[in-house]
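Got the viewer open? Let's take a walk through this one, stop by stop, selecting as we go.

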Amino acid sequence: MNATQTAQSAGNDTLLRDFEESLKTITSKTGGDESIDARKKLMQLGRNFDAVTVQPVAEKLVAVLPTITDYTSRYTTLTLLGDMGQKNSQSAQTVVKGLANYITQEKDSGLTYMAGQKLAALGSRFPALAEDAAAAIASAMTQEKDHYARQSLSFSLATLGHISEGARDIAVTALGETLGTEKDTLARCLTAGTIADFGVQSPKTAQQTLE
């Protein structure tokens, strides 16, 4: 290892150590100014990880997300996870799997649809993950009670439905299920329009939309 590589490795070790310390603070339930400072530092540090060093960071964030009780810290962690997942296909797979486990457990509607948006973005960037992302969003959408969150999840699902056939099948099934229970007239029209759009893409999907 030459001098440049040694310096880079040392820098990465320091970055990871500082990141872990900030992450420990926001998960310790201390609150107050200490947590606020730690969240800011966490966001700043997160921007410095490259495609090579991002995987352990993504794994740590996925592991701690379900344990974080503070809303703002969960928001920060979700934001970082979305960024980490965009770095490469490995980190994207880690984040999609983590968010798939998390999204149906989240009680806050805003964070639920935020997680759906992150999943849709990752499925769009990495089409091999579109089906898994769609399945996670569909599960959350069919159990979501908040109207706005449900609509946002349906939009995320519609995005993924244009990425792959598997994601489209999931989207049509889930949107069809909500169409029968949706009480808002505008929401029903939007959902029906999305399903119809999918129906023109293939004979198979057209038959599925009619069922």
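Which helices each supply at least two residues of the lining of the largest cavity? Keep that in mind while you get your bearings; the answer comes at the cavity stop.

**Stop 1: the whole thing**

One thing to know before clicking around: this is a predicted model. Switch to a cartoon view and colour by secondary structure. You'll find 11 helices and 0 strands, so to speak a run of α after α from the N terminus on. The protein has 211 residues, and buried residues make up 45% of them. Now think about contacts between residues at least 6 apart in sequence: 66% of these join residues at least 24 apart. Several of the next stops show partners from separate stretches of the chain.

**Stop 2: the cavity**

Select Met141, Arg150, Gln151, Ser154, Leu175, Thr178, Leu179, Glu182 and Thr191, and show them as sticks. Together they line the largest cavity. Back to the opening question: α8 and α9 are the helices that each give at least two residues to this lining. The structure holds 1 cavity of 30 Å³ or more, and the largest cavity has about 50 Å³ of space in it. Colour the sticks by residue type and you get 3 nonpolar, 4 polar and 2 charged residues in the lining. How does one find such a spot? Rolling a probe the size of a water molecule over the atoms shows where empty space is left.

**Stop 3: the pocket**

Keep Met141, Arg150, Thr178 and Glu182 on screen, since they are among the residues that line the largest pocket. To fill in the rest of that lining, add Thr142, Gln143, Glu144, Lys145, Glu177, Thr181 and Lys183. The volume of this pocket is about 230 Å³. Two elements give two or more residues to its lining: α7 (130–143) and α9 (165–179). Of these, α7 brings the largest share, with 3 residues. What is the mix of residues here? The lining of the largest pocket divides into 6 charged, 4 polar and 1 nonpolar.

**Stop 4: two pairs of rings**

Clear the sticks and go looking for aromatic rings. How many aromatic pairs does a search of the whole structure find? It finds 2.

Begin with phenylalanine 19 and phenylalanine 49. Their ring centres are 5.3 Å apart and the planes sit at 90 degrees, so the pair is edge-to-face. Phenylalanine 19 belongs to helix α1 (residues 3–26), while phenylalanine 49 is in the loop between α2 (32–46) and α3 (54–64), so you are looking at a link between distant parts of the chain, 30 residues apart. Are these two buried or exposed? Both phenylalanine 19 and phenylalanine 49 are buried.

Next, select tyrosine 113 and tyrosine 148. This pair is edge-to-face too, because the planes are at 65 degrees, with the centres 5.4 Å apart. Tyrosine 113 lies in helix α6 (residues 109–125) and tyrosine 148 in helix α8 (residues 147–161), so the pair ties together parts that are 35 residues apart in sequence. Turn on the surface: tyrosine 113 has 22% relative accessibility and counts as partly exposed, whereas tyrosine 148, at 57%, counts as exposed.

**Stop 5: leucine 111**

Stay in helix α6, where leucine 111 lies. Its relative accessible area is 0%, so leucine 111 is buried. Show what surrounds it: leaving aside neighbours within four places in sequence, leucine 111 is in contact with Tyr71, Arg74, Tyr75, Leu78, Tyr102 and Glu106. Try a distance label to tyrosine 75, which is 36 residues apart from leucine 111 along the chain; the C-alpha atoms are separated by 6.9 Å.

**Stop 6: glutamine 55**

Hop to helix α3 and pick glutamine 55. Glutamine 55 counts as buried, at 10% relative accessibility. The side chain of glutamine 55 makes a polar contact of 2.9 Å with the side chain of glutamate 59. Not counting residues up to four places away in sequence, glutamine 55 also touches Gln90, Ser91 and Thr94.

**Last stop: aspartate 37**

Finish in helix α2, at aspartate 37. With a relative accessible area of 49%, aspartate 37 is partly exposed. Draw one more distance, to serine 22: the C-alpha atoms of the two are separated by 8.6 Å, and they are 15 residues apart along the chain.

Terms used
Residues are numbered from 1 along each chain as its sequence is written. This is a predicted model: local features need pLDDT of at least 70, side-chain atom pairs count only at pLDDT 80 or more; totals for chains, interfaces and linings use all residues. Side-chain values use heavy atoms; hydrogens and water are left out. On a 1 Å grid over the protein atoms alone, a cavity is a set of points where a 1.4 Å probe fits but cannot get out, and a pocket is an open set with protein on both sides within 12 Å along at least five of seven lines; lining residues have an atom within 4 Å of a point. Grid points are joined across faces, edges and corners, and a volume is the space filled by probe spheres set on the points. Helices (H or I, at least four residues) and strands (E, at least two) are DSSP runs, numbered from the N terminus. Ala, Val, Leu, Ile, Met, Phe, Trp, Tyr, Cys and Pro count as nonpolar, Asp, Glu, Lys and Arg as charged, and the others, Gly among them, as polar. Rings of Phe, Tyr and Trp (its six-membered ring) pair if their centres lie within 6.5 Å; planes under 30 degrees apart count as stacked, over 60 as edge-to-face and the rest as tilted. Buried means under 20% relative accessible area, exposed over 50%, partly exposed in between (1.4 Å probe, protein chains only). A polar contact is a pair of N or O atoms within 3.5 Å; within protein, one must be able to donate a hydrogen and the other to accept it, and residues adjacent in sequence count only if both atoms are side-chain atoms. Contact means heavy atoms within 4.5 Å.
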